[in-house]
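Me: Could you take me through this model by question and answer, with the cut-offs behind each term spelled out?

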Amino acid sequence: MSSTGITRATLVKDLQLEWRSKDAINSMLFFSLLVVVIFSFSFDPTAEESRRIAGGLVWVAFLFAAVVALNQTWARELRNQVLDAYRVSPAPANSLFLAKAIGNFIFVAVLEALMTPLFIVFYNLRAIGPAYQLLLVAVLGTWALVVNGTFFAAMSLRTRSREIMLPLLLFPISIPALLAMVEATRSILTGEFSAKFWIVLLVAYDVVFTMASLFLFELVLHAE
Amino acid sequence: MKITFPILAVLTALLLGYGLYQALVVAPTEQTMGDVQRIFYYHVPSAWAAGLLFFVNFIASIVYLWRRNSKADAVALAAAEVGVIFCTIVLVTGPIWARPVWGIWWTWDLRLTLTLVLWLIFVSYLVLRRFSSSGQTPVIAAVLSIFGTLDIPLVYFSIWFFRTQHPQPVMGNGGSIDPRMLHAFFVNLIAFTCLGVLICWARYRVEILHRQLEETQALESLLEARGSR
């Protein structure tokens, strides 16, 4: 089987599992809904203010929610020693990693697609800048979160209390990406300045960490 | 090793003492900031030592991944721990200086934020080491160290751009610097470099001994189990 074939097979398996149980997506959805409501209560912003803070709120909500999906990426494979089976199989480690990262990307993208209308309703959002750029920021930003998240989730498998470990590893490294997403979203919503620099930074972040993950994942998978 | 370490220790102590004298007595008081400026003689050398140790951590991590040499891993651990200590000193002394001079404890300035993020990354490195089970720790930690280092330029550029859109406090760079100030500064810079190397070395020795002890204990318990059978 080719490596893209393995990637596709793993991805389809994960999507099927998620489609049947809907564990990750349900908890992510409810979690980010709670964040939207609680933030809305605690800040009670006007339309002008919410344009300024919405970028931060949206991305923090998605980041926290994404951790839920990321945490169960590999935990699922621990049952019945699936991961060990994978380790001894000749399948390339990177195709497994890519399948997991793409799977997580799809989960978080679905979450974003479902939650964004709610954010718009609750915070009366309307973009003053070029709105199509938001889509670009969303795609790049989501990939930035899930590529490192998938990688660190595999790393935190080897630790005690791994559910707590993942955010502790992921958040410090994600600071530039998060800053870029928040600032890009804000500049598009307010239309005050161009989001170009932040989009370029996100592209750089995505390229650097995708390469690093693909380069180092085999080490992490076989770390014994 | 048995001779070099005490020599380095004595040298460090002498340099630190001389540096303290230079910083507190010989160097003149800065005109606008007053005596609080003297914290610079410790603040900047600590930042230098922290940066150096984080760099050592990165190099040692790469060496470990390449050669699988457990000594390199011990160096990486020691450098990260001592580096975090120096970085903490930087983050504590900075606000002490900033409060009287800038009028604020903290600002999201480029250097401050970069130091804080660096500190966060290396604390997460130490937490990871603390929480992972022994056999896999070195590999995972080395990988995280590489990720952290890759992150630094991205953090730098993001904050640099973030901050250029906002007003920032001006660092007093104008005017000439008294040579006695420079002297005190460089003495302390060398002293802190020696101190960093010294502590890191001691920590490295402790780690190596600790590992040897664990190995011996494991071996002994094995032999005991055999004997009782």
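The exchange below covers the model's confidence, its chain contact, one pair of helices and one tryptophan.

This is a predicted model, in which local features need pLDDT of at least 70 and side-chain atom pairs count only at pLDDT 80 or more, while totals for chains, interfaces and linings use all residues. Residues are numbered from 1 along each chain as its sequence is written, and chains are lettered from A and ligands numbered from 1 in the order in which they are written.

Me: In chain B, over which residues is the pLDDT below 50?
Reply: The pLDDT is the predictor's confidence in each residue, from 0 to 100, and chain B averages 86, with 93% of the residues at 70 or above. Where pLDDT is low, the predicted coordinates should not be read in detail. The stretch below 50, which has 6 contacts in the model beyond near neighbours in sequence (a contact being two C-beta atoms, placed from the backbone, within 7 Å), is residues 166–172 of chain B.

Me: Which helix gives the most to the side of chain A that touches chain B?
Reply: The contact takes 27 residues from chain A and 28 residues from chain B. On chain A, α7 (162–190) and α8 (196–221) each supply at least two residues, helices here being DSSP runs of H or I with at least four residues, numbered from the N terminus. The most, 10 residues, comes from α7(A).

Me: How are α3(A) and α7(A) oriented, roughly parallel or roughly antiparallel?
Reply: The axes of α3 (residues 47–78) of chain A and α7(A) come within 8 Å and cross at roughly 150°; axes are lines fitted to C-alpha atoms, for helices over the stretch in contact, and angles run from 0 to 180 degrees between N-to-C directions. Angles under 35 degrees count as roughly parallel, over 145 as roughly antiparallel, 65 to 115 as roughly perpendicular and the rest as oblique. The crossing angle therefore makes α3(A), relative to α7(A), roughly antiparallel.

Me: How does Trp201(B) count, as buried, exposed or partly exposed?
Reply: Trp201(B) lies in helix α6 (residues 179–228) of chain B. A residue is buried if 20 or more other C-beta atoms, placed from the backbone, lie within 10 Å of its own, exposed if 12 or fewer, and partly exposed in between. Because Trp201(B) has 18 C-beta neighbours inside 10 Å, this residue counts as partly exposed.
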